[in-house]
Structure formats: C-alpha cells, structure tokens
Amino acid sequence: MSHGDKQQRPDHAARFREQTPESRSFHEHAASVTPLGVESNVRSFEPYPFYTDRAEGSYIYDVDGNEYLDFLLALGPIILGHNHPAVVEAVQDMAETLDVTATPSPISIEFMEKVVEMTPSIETVRMANSGTEATMHAIRVARSYTGKDKIAKPEGGYAGAHDYALQSVYASEEAMGPADEPNTVSYGTGIPDAVQETVVPIPFNDKESTEKILRKHADDMAAVIIEPVMFSCGCLKPRDGYHEFLRELTEELGIVLIWDEVMTGFRLGPQSAQGRLDIMPDMTTFAKAAGGGYQVAGFGGKEEIMAEIIPPGKGEGEKWNTSAFHGGTYNGHPVAAAAGLATLEVLDSGGVYEHIDRLGDRLFTGLQDAADDVGLPVNVQHIGSMGQVYMTDHDIHRYRDTWHANGDQFADWWLEAAADGVLFGNPMQGERFFTTLTHTEEEIDHAIEVAEDAFRAVNHEY
C-alpha cells in the first residue's frame, strides 16, 4: 500500500468518549480549578481522565456510572481490595476517637512496631506521609551518617518527586548519553542545576558499569537508592546476581544501601522484596501497600544510622547542626496509622500473598498468551502480583530496553480495554498494574478476554 493510500488509524478513544460525557464535562470544570484538571500529573491522559466517585472490592465506578474492574489499584496501595472491612472499621473507630494533635499517639507506635517486626532490615523506623517524603528523609539521614553529599540511583528509576530523586528518570537518548556511564539529567523544570552535581546515575543490571561508576565516586558517595525491582519503568527484574553484587560492593566502599520499597514494600511478601530476594539493605523506604489505601509511608534501617535523627540534649544549642532533621505535622496521623496497622495485621495473618501471587501469575501469563494468539509483539514482565505489558518483543533487562516499547500503542490498548470496563493500570507504558485480595479467577479470565480483544484492535497499526 502506498503512503497515499494508507488508511486512517482507528480512533481508539471513541468508545471511551461516548461512555464518559459526565467526566468530560467535569474535566472542563476541573481544568479551571487545577492544572490539567487533576490532583497529580500522572492522572492526566488523552482525551481526558474519568472521575471516580465510588470504589468497592475489585471495582471502581466513575461519575457516569461506568464500572471498571480495577488493576490500577491506586498505583499499588490497594492490596486488600477497596474499602476492606478491617481497614474501614479501624479508620472509623479512630476517626471518632482521635484526630491529629501534634503529640505522639499509641497507634502510630504500634504501627511502627509492626513494621519493625515484619521487615528484616529495619531496627528503628520513622513515619511519613508519602513515598516522596520517605525517600527524601532517608537520603538526608544517609548523608548525615556518612558525611558525604552524593547519591547514586539507577537511570530510569523514580524515587519520589523531590529534586534529588527527579534525576535521570526520563530523557532523550542524546541527553542521557552513554549507556555504560549515563549523564545526570533533571526530569522537568524548576530543579536547580546544582542538584545534578550531587546525583550519579547507574545502569541497572549492569554490574561492570555500576562498579566502575561507584568506585569512581566512592570518596563522595553517601548512598545508593534503588528499587529491588524497578517498577518505576514498568517491571525490570534483577538479573545475574545484581543485588548480591551491589550489596557486597556498597559494604566494601562504605556506601549506605537504601532499598526503595515504596512500591514493593509489603506487596511482594510479608517481609517485602528484601525477604523475597534475601538481601539486607542498610535502609528501607515504604509506602503504598503499607497503608491499605491511606497516607502511610516511612523509612527505617540500622539503629546506628537512624540515630542520626536524634538531636543533642537541651542546653547544647551550639550543636544545632549535628543531627539530621525529620519532622512533619501529619507524621503518624492516628487515622492513617490505624489503617496501616489493620492492613499489616491482615497481610501478616496468612493467605493473602498466596492468593494475589497466584492470580498475578494467571493474569500476566494469560496476557502474554493472549498477545501471542493475536500475533502482536508483546513482552509481559511480572513478579508476584505486580507487572507490566511492554508493546515490544524485545528483551527487557535494562532501562534502555524499554525504549523499544511503543507507548502510543500501549495507550490505545489501554483505552480499548477501559471502554470494556477493565483498567490495566493507567495509559502510561512506564507504569505497572497489580492483583489484589478481592480479585477472583473469573475476574482474571474476563480481564484476559478483554485484553485479547484490545490487542486485536491495536494490531498491525504500528
């Protein structure tokens, strides 16, 4: 077929628009109130987002009354299903008992005790309200402990929305430079150039290049902050003993190893990814699943490192600069802590992980089979209850491998599935999606059927 005879591509958003007129109208209003009409940039997509007004179990419902089988699951926090009875009861009881007071409360201490009990590497812990806060404070404490300024993080890795984390998250190939020694590139504007000088990117799953970079900067390197599985760019699993190598190297060089378990914490098992992969980092950050749908986050680690938070005693004002500050009015909010404790108690009671991992295997394996049946080049990666569909048949081992995936095709596939009432995460190729406790085998099988129809709808277009 000549270029002049090329047929116009189907409008994959057509059914979505037909089914969401109230969301479209609401979006026009919302955009006059807040940039993009959303509370977070990640929630914005073309042609416009739908607006949710109810959630229950495995489903969410938009303002038009559409029902969606939910695998987005709030980007990870919903591990027990929406509005799990034990979490709802704990929240209601605490809401009637105690709001925020800026004084310590027993419930927050009980929650932190449970975190320490369940997490192998955490000896002492502090609470925060988001993954961004958790990684920001963990980095500060590591710098205080080592007396050094630089941190390393994998290129393509997202570790929160603060300036030091928003380095080498995403950029053009030209800007990122050589694969074996990437450039530091700020993600977005408004970040001082000086911040780039304190962050060194490393290539995930490349032991030789990682070692070369860390040895080069060892004298100035406070910490490596890294996801155990890089879900910040879909699903990159560690290979060839990468984490064992990195654990040994950071110990040798005196670099604090921070595992960013914001997404994997309490999601990949009761001991998080560190228990599943049998690695002991020096510090750990967590959020998302730990709160069961509420604003819970935190960071912890070795007691001697966390002791950097402890300021000098009274009457020693001249030593004001001898500790790492950690604070926050809403840290340990009683309602959030009650939700978190209820969630962790359910997770630790047994049966949850067997269920969500089994359904995760069923879902992601089924998605690969469905794409193969359609003849669409797709690479599905997952571990346990988390994974992503890459629109490519290229191997996915390192961040730059994900560049082979077709983001436009993924967004079209997502829209086709959403119009049929299934949310495979959000329309962004670099995200991921999940299974939850309330999902059933019947729901998984239905989702795979919807996915296959959507694969068929976007095949042969790219």
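**A four-stranded sheet and the chain around it**

In this predicted model, strand E3, which covers residues 67-70, is joined to strand E13 by two bridges, and the two strands run parallel. Within this pairing, Leu 69 is the residue that stands opposite Val 422 of E13. Strands of a sheet pair through backbone hydrogen bonds, and the pairing may be either parallel or antiparallel.

The pair belongs to an open sheet of four strands, whose order is E1-E2-E3-E13 and whose pairing is mixed. Strand E1 (52-56) and strand E13 (422-423) stand at the edges of this sheet, and because each has a single partner strand, one side of each is left without a neighbour in the sheet.

Stepping back from the sheet to the protein chain, one finds 15 helices and 14 strands. Its C-alpha atoms fill a box of roughly 80 × 55 × 45 Å along the principal axes, and the radius of gyration is 22 Å, which agrees with the value near 23 Å that a compact globule of 462 residues would have. Of these 462 residues, 55% count as buried. Among the contacts in the chain with a separation of 6 or more, 70% are made by residues 24 or more positions apart.

Turning to the surface and the charges, the protein chain exposes about 20200 Å², of which carbon and sulfur atoms supply 48%. The chain carries 33 positive and 75 negative charges, and the mean positions of these two groups lie 5 Å apart.

Note on methods. Residues numbered from 1 in each chain as written. Predicted model: local features only at pLDDT ≥ 70, side-chain atom pairs only at ≥ 80, totals over all residues. Heavy atoms only, no water. Pairing = 2+ DSSP bridges. Rg over C-alpha atoms; globule rule 2.2 N^0.38 Å. Buried < 20%, exposed > 50% of the residue type's maximum accessible area, 1.4 Å probe, protein only. Contact = heavy atoms within 4.5 Å. Areas by Shrake-Rupley, 256 points an atom, 1.4 Å probe, with all protein chains shown as cover. Lys, Arg positive; Asp, Glu negative; His and termini not counted. Charge placed at Lys NZ, Arg CZ, Asp CG, Glu CD.
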